[in-house]
Amino acid sequence: MMSVLEKRSAVLLGAGLGMFVLAFASNAIVPLVMYRDLPEQTALEVVNQNTLYQLEDLRLRYREPFEQHVGQATNETCAELLKTGRQVYVAEGCWHCHSQMVRPVSNEPLRWGPVPNSPEYQNELQRPVMFGTRRVGPDLSREGGRRSNDWHAVHFWQPNTVSPHTRMPRYPWLFDGSPDKPNRRGLGLILYVQWLGSWLESYPAYEDYVPLKQQLANPAE
Amino acid sequence: MSDAPTAQPAAFEGPLVETRLVAWYFYASLAYLWLALAAGLLIGLQLVDGNPLPAAEWLSPGRWRMVHTNTVVYGFLANGIFGAVHWAIPRLLLRPFLSRTLSYFVFYAWQVIALGTVVGILHGHAQGVELGESPTWIDPLVLVVWLLLAVNAAAPILRTGGAMYVSLWYFLAAYVWMFLTTAMGNFLPEYFVAGTNGGAIQGLFLHDLVGLFITPFGWGLMYYFVPILLKKPIWSHSLSLIGFWGLAFFYPLNGIHHFLYSPIPMFLQHGAIVATIAVEMVVTTVIVNFFATVWGTGATWYRVLPLRWFYVGMVLYFLTCVQCAIQVTLTFQQLIHFTDWVVGHAHLVMFGVFSFWLFGIMTYLFPILLGVPWRSTALCEWHFWLSFVGIAVMVIDLTAAGVIQGFLWGALKPWDTAVEASHPFWMVRLIAGVVIIAGQLCFLGNLFFTWRDGRAGAARVDSHDA
């Protein structure tokens, strides 16, 4: 028995190939089979009214930059801008400090919003999926619509002006010199963040709890 | 046991070990270590709101965060491991690698990969897969180089007859695993599999990088260097077998534990949890084997500095794995997921274990490679103690920070409260990081003077010849 397990073929094919394939089949192929009726949606297919509203808002607020970097506000330009925004989100490593995954524990649904399901993530803008790995800043999967586009522009330009204790770095390269002139990357990132959670009934998903201090101040509520 | 060794010393030209290449790999490894330390320092400063650099694209802490992790794995640890393996495999086989030219080609190609990853990330070409951030244009090259690495090392292993030593089981399997892991993780989530399913594959990839690349090479090197330095064989061959096959079976099944409480089917999450706890039991057999080996040799493990690096690393490895088995439970996950606890865990295993083992190997091999003893044994001691104290403080600090963050989040405190509460912990972490950097500075300085001694010695020999 021992000698079989020490053979070159056993190590090469059994341990090297066999064990890897076993794990891949059980942990990657099984969900693939389970989700076979859930095709991946394109960016265009996940454009919705809420996101189009935000796009229109961006167009009205930043008329010149929008015309220059995006052009018309259509479903197609919206999808393309979402893709740009997602690229920036990945390239800047946003997902290393912000998760996109509400867990059904630790009061997270109260803080962030509804617990997600698989169909939500089954689209082009979640390939690779942005579950995240650490929360230095808050979860963003239900961030869309909570704050205005202006807030986001100022926040990307100089985060601590709107969030005093933040550790987030500045991102001036998302603008053409000032916070009222977001470039294509800036417009894309703002739209992408506003898109997060836009497919939910409860958009925008405001934080559904009252801090303890306020509870004590207004016990009647 | 299998049949007795029948291997004849192979006929080959040139040296058995390409010592110059081993040294090159170690130099490259240390160069990337310093890049990783610089990146870590920058992020540490950013977290305490003390980043002195201007807000420029190439200096963005978000990008340097990815440079930090990728450089540790592909620059520092990978180069160090490849160097050590270029020493160990030929000496185990009494046969060199398949091709000397190929060995050098792979060295250059790997530097292109490691440097390309850094430049690509800083340029904004990162990919959204953890530890797979290397830009998409590098990924195919990584796959090819893994194949070449595997062929170059596996060919002599497969050609040599007789029983195969434990280290070679680990190396041989790891070459196969790394090729498959790279093929899976760098391509499927990026191009083919979105969403939850892609998340499962990312979890496998991330975990396999540690579990099927760094861990098996690390243990293979321990099985090689520890008996040599102790001048006695490994205690139990059967335990070695259990350790190897246990790792091969359970480790690849762990990946999904990175995304517990995600929409990934719950039975798969449960499976990953059980497999993770099983790994802890397998690890215990390996640890028992190594401690039974050192048993009865008195204070040798402490007196011989490389052995001290190895054995302290093993104790920290055991702690890491105990931590794994506890923190992987759903009860613990509620509290610590997404917190600094996990960051502490990652530093414990990457620095406290695998970096320690590499430092031990380098401490042992550099005098042989350079032909002179270390210039200063005191600096070698400082390297050890500053590294040890630094990582111990950092891990305890981050673990405590994680618990506090978890409770504050769960108590629905405003987000800022948790950030403010983390501040003192981040300050301590920054100081611990500086201590670690000071330790590496001792090592670098010592290495430089030792290298100069070696050059001076070589020059004297040359002038005598002339």
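How many of the 12 residues of α9(A) are buried? Keep that in mind while you load up; this is a predicted model, and the tour starts with that helix.

**Stop 1: α9 of chain A**

Select residues 184–195 of chain A, which make up helix α9. The answer is 11 of the 12, so the rest of the structure largely encloses α9(A). Colour the buried ones: R185(A), G186(A), L187(A), G188(A), L189(A), I190(A), L191(A), Y192(A), V193(A), Q194(A) and W195(A).

Now show what these buried residues pack against: α3 (49–61), α4 (63–69), α5 (75–91) and α8 (149–157) of chain A. If you like a quick geometry check, the end C-alpha atoms of α9(A) are 16 Å apart, which agrees with the 16 Å that 12 residues should span at 1.5 Å a residue. Step past the helix and click G197(A), where phi is positive, near 90°.

**Stop 2: across to chain B**

Next, bring up where the two chains meet. Chain A puts 63 residues into the contact and chain B puts in 69. On the chain B side, pick out helix α7 (residues 195–230), which supplies the largest share with nine residues. Colour that side of chain B by residue type and you get 43 nonpolar, 18 polar and eight charged residues.

**Stop 3: chain B as a whole**

Hide chain A and zoom out. Chain B has 15 helices and zero strands. Its C-alpha atoms fill a box of roughly 75 × 50 × 50 Å along the principal axes. The radius of gyration of chain B is 22 Å, in agreement with the value near 23 Å for a compact globule of 466 residues. Of those 466 residues, 55% count as buried. Switch on a contact map if you have one: among contacts between residues at least 6 apart in sequence, 83% join residues at least 24 apart.

**Stop 4: the domains of chain B**

Give each domain of chain B its own colour: domain 1 is 15–152, domain 2 is 163–284 and domain 3 is 298–453. Keep domains 1 and 3 on screen, with their C-alpha centres 20 Å apart. Their contact takes 18 residues from domain 1 and 16 from domain 3.

On the domain 1 side, the elements giving two or more residues are α1 (19–47) and α2 (61–93) of chain B. The largest share, 12 residues, comes from α1(B). By type, this side of domain 1 divides into 14 nonpolar, four polar and no charged residues.

**Stop 5: two residues to click on**

Start with G360(B), which sits in helix α13 (residues 340–370) of chain B. Is G360(B) buried or exposed? With 27 C-beta neighbours inside 10 Å, G360(B) counts as buried. Leaving aside neighbours within four places in sequence, its contacts are P306(B), W309(B) and F310(B). Draw a distance from G360(B) to L307(B) as well: they are 53 residues apart along the chain, yet their C-alpha atoms are separated by 6.8 Å.

Finish at L122(B), in helix α3 (residues 100–122) of chain B. L122(B) has 17 other C-beta atoms within 10 Å, so it is partly exposed. Show W58(B), R63(B) and V67(B) around it; L122(B) touches these, not counting residues up to four places away in sequence. One last distance to draw is L122(B) to P61(B): 61 residues apart along the chain, with 9.9 Å between their C-alpha atoms.

How values were computed
Residues are numbered from 1 along each chain as its sequence is written. Chains are lettered from A and ligands numbered from 1 in the order in which they are written. This is a predicted model: local features need pLDDT of at least 70, side-chain atom pairs count only at pLDDT 80 or more; totals for chains, interfaces and linings use all residues. Helices (H or I, at least four residues) and strands (E, at least two) are DSSP runs, numbered from the N terminus. The radius of gyration is taken over C-alpha atoms; the globule rule is 2.2 Å times the number of residues to the power 0.38. A residue is buried if 20 or more other C-beta atoms lie within 10 Å of its own, exposed if 12 or fewer, and partly exposed in between; C-beta atoms are placed from the backbone. Two residues are in contact if their C-beta atoms, placed from the backbone, lie within 7 Å. The expected span of a helix is 1.5 Å times one less than its number of residues. Ala, Val, Leu, Ile, Met, Phe, Trp, Tyr, Cys and Pro count as nonpolar, Asp, Glu, Lys and Arg as charged, and the others, Gly among them, as polar. Domain bounds come from an automatic or database domain assignment.
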